[in-house]
Amino acid sequence: MPTPAVLGQGFRPFFLAATLAAIADIVLWLAMLHGYWPWPHHLGGVGWHAHEMLFGYFAAVMAGFLLTAARNWTGVATPTGATLAALLALWLAGRVAPWLGGPPLLAAALDLAFLPALAVALRDTLWHGPNRANRAFMALLAAMSLAGAMAHLGALGWLAGGETRGHRLMLDLVVILLVLISARVMPFFIERGLAGARPRTWPALERALPALGLALALTDLIAPLGVLAGALAIALGGALLVRLAGWHDRRLWRTPLLAVLYVGLLWLALGLVLDGLSALGALAPRGALHALTVGAIGVVTLGMMARVTLGHSGRPMRAGRTTRVAFALINLAALARGLGPVVVPEGYTVWLVVGGACWIGAFALFLWVYAPMLVRPRADGLIGCRAGAKDAPRQPSAGARAPLTPGTSA
């Protein structure tokens with residue numbers, strides 16, 4: 001029996017699952033906050049919301065991206081068919097288990113199993129592949145597994161402060177991942193999308209950015225929201241602004257698939273600066289947090305899912321009107337949740353509802369446009385990820401020890 005198209009490439013089932021989770025999680029969160037839906041039996045309250053956004057939604061997007069991109073980077077196959085379906089089922093089990101009333105330890109175990117399973121699925125591609133720089137992603141998956149374990153141990157009452165520190169560590173690791181991935185893909189996308197564009201990079205800056213991110217993660221793990229953590233967050237955000245200035249080409253604002261990623265990275269830089277200011281006591285933390293989560297994570301992932309889906313389903317690399325509306329809505333959600341509480345803190349409840357509605361609308365529109373592409377065969381009749389490799393930077397030679405900079409594989 002032939003493999004269904006939806007299980008033919010990693011991005012297909014995981015982007016679909018991530019989109020459905022993005023909608024369902026915020027619907028449930030708003031319903032729970034207003035008393036219309038009960039809290040889950042494990043990881044209740046704010047802990048559930050943070051966990052599902054990071055280990056549910058983002059983990060699914062990350063899985064879909066890495067399972068697809070790593071195959072293009074190296075030419076080594078990643079799971080498809082039944083193996084891919086089993087990986088998706090494991091992710092889904094982690095999402096459903098807290099609602100079933102079973103032992104909390106079982107719910108924790110099911111959720112914790114997904115990231116190690118993803119690492120195993122990517123081992124031959126990223127760890128044993130030709131570019132040793134790809135091993136950084138395996139290290140990040142291991143660290144994310146540790147963050148998840150901390151969160152669950154805290155929820156189980158076995159580690160004081162484990163939920164807060166585990167989720168903060170995961171957020172810092174997501175920041176590092178976005179820093180690394182954007183270094184690989186954005187200059188390439190700009191060069192391919194804008195004739196004659198020459199995005200400028202500084203090797204010293206590209207080496208400093210992951211180091212700053214790692215320092216921030218370790219500091220938050222030991223002394224979260226302290227002066228040092230605040231200073232590091234501001235330094236990282238400022239350095240990212242310098243990088244973005246080097247990449248800027250005014251023509252990208254006329255190309256929605258580039259503009260949305262660029263704006264998402266601007267949210268990343270701004271969110272880090274705001275986060276640092278909140279750690280220093282200059283701002284309330286809630287607004288800064290959502291500038292990172294809704295702004296950076298939401299905008300970048302929605303834009304990347306659109307781009308990957310178009311490129312790997314054999315369709316023109318153009319954002320239609322509905323997609324552009326979705327991009328506008330996700331940015332409105334970031335403004336409402338990321339900046340609204342900072343500017344008008346007394347309107348927090350209004351910002352919450354407006355931001356949630358814009359988030360739901362953005363992903364509902366994405367689902368409307370892209371779900372058919374995700375479940376159907378490629379429009380050009382080709383098979384496999386390599387057919388979409390034209391939208392991925394080239395892989396260095398097998399013996400290369402390239403750093404994680406725009407000059408390496410993506």
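The legends below describe close-up views of salt bridges in a predicted model.

**View 1. Salt bridge between Asp-220 and Arg-168.** The closest N and O atoms of Asp-220 and Arg-168 are 3.2 Å apart. This pair links distant parts of the chain, with the two positions 52 residues apart in numbering. Asp-220 belongs to helix α7 (residues 203-222), whereas Arg-168 belongs to helix α6 (residues 162-193). Both Asp-220 and Arg-168 are buried.

**View 2. Network of salt bridges that includes Arg-168.** Arg-168 and Asp-220 are linked in this network with Asp-172 and Asp-275. The contact between Asp-220 and Arg-168 shown in View 1 is a salt bridge, and its two residues are buried.

**View 3. Salt bridge between Asp-249 and Arg-251.** The side chains of Asp-249 and Arg-251 meet at 2.9 Å, N to O. Asp-249 has a relative accessibility of 16% and therefore counts as buried, because the cut-off for buried is under 20%. Arg-251, at 26% relative accessibility, counts as partly exposed.

**View 4. Salt bridge between Asp-124 and Arg-123.** In this pair the closest N and O atoms are 3.8 Å apart, and the contact qualifies as a salt bridge because the cut-off is within 4 Å. Asp-124 is partly exposed, its relative accessible area being 43%. Arg-123 is also partly exposed, with a relative accessible area of 41%.

**Overall count for the model.** The salt bridges counted in the model come to 8, among them Asp-220 with Arg-168, Asp-249 with Arg-251 and Asp-124 with Arg-123.

How values were computed: Residues are numbered from 1 along each chain as its sequence is written. This is a predicted model: local features need pLDDT of at least 70, side-chain atom pairs count only at pLDDT 80 or more; totals for chains, interfaces and linings use all residues. Side-chain values use heavy atoms; hydrogens and water are left out. Buried means under 20% relative accessible area, exposed over 50%, partly exposed in between (1.4 Å probe, protein chains only). Helices (H or I, at least four residues) and strands (E, at least two) are DSSP runs, numbered from the N terminus.
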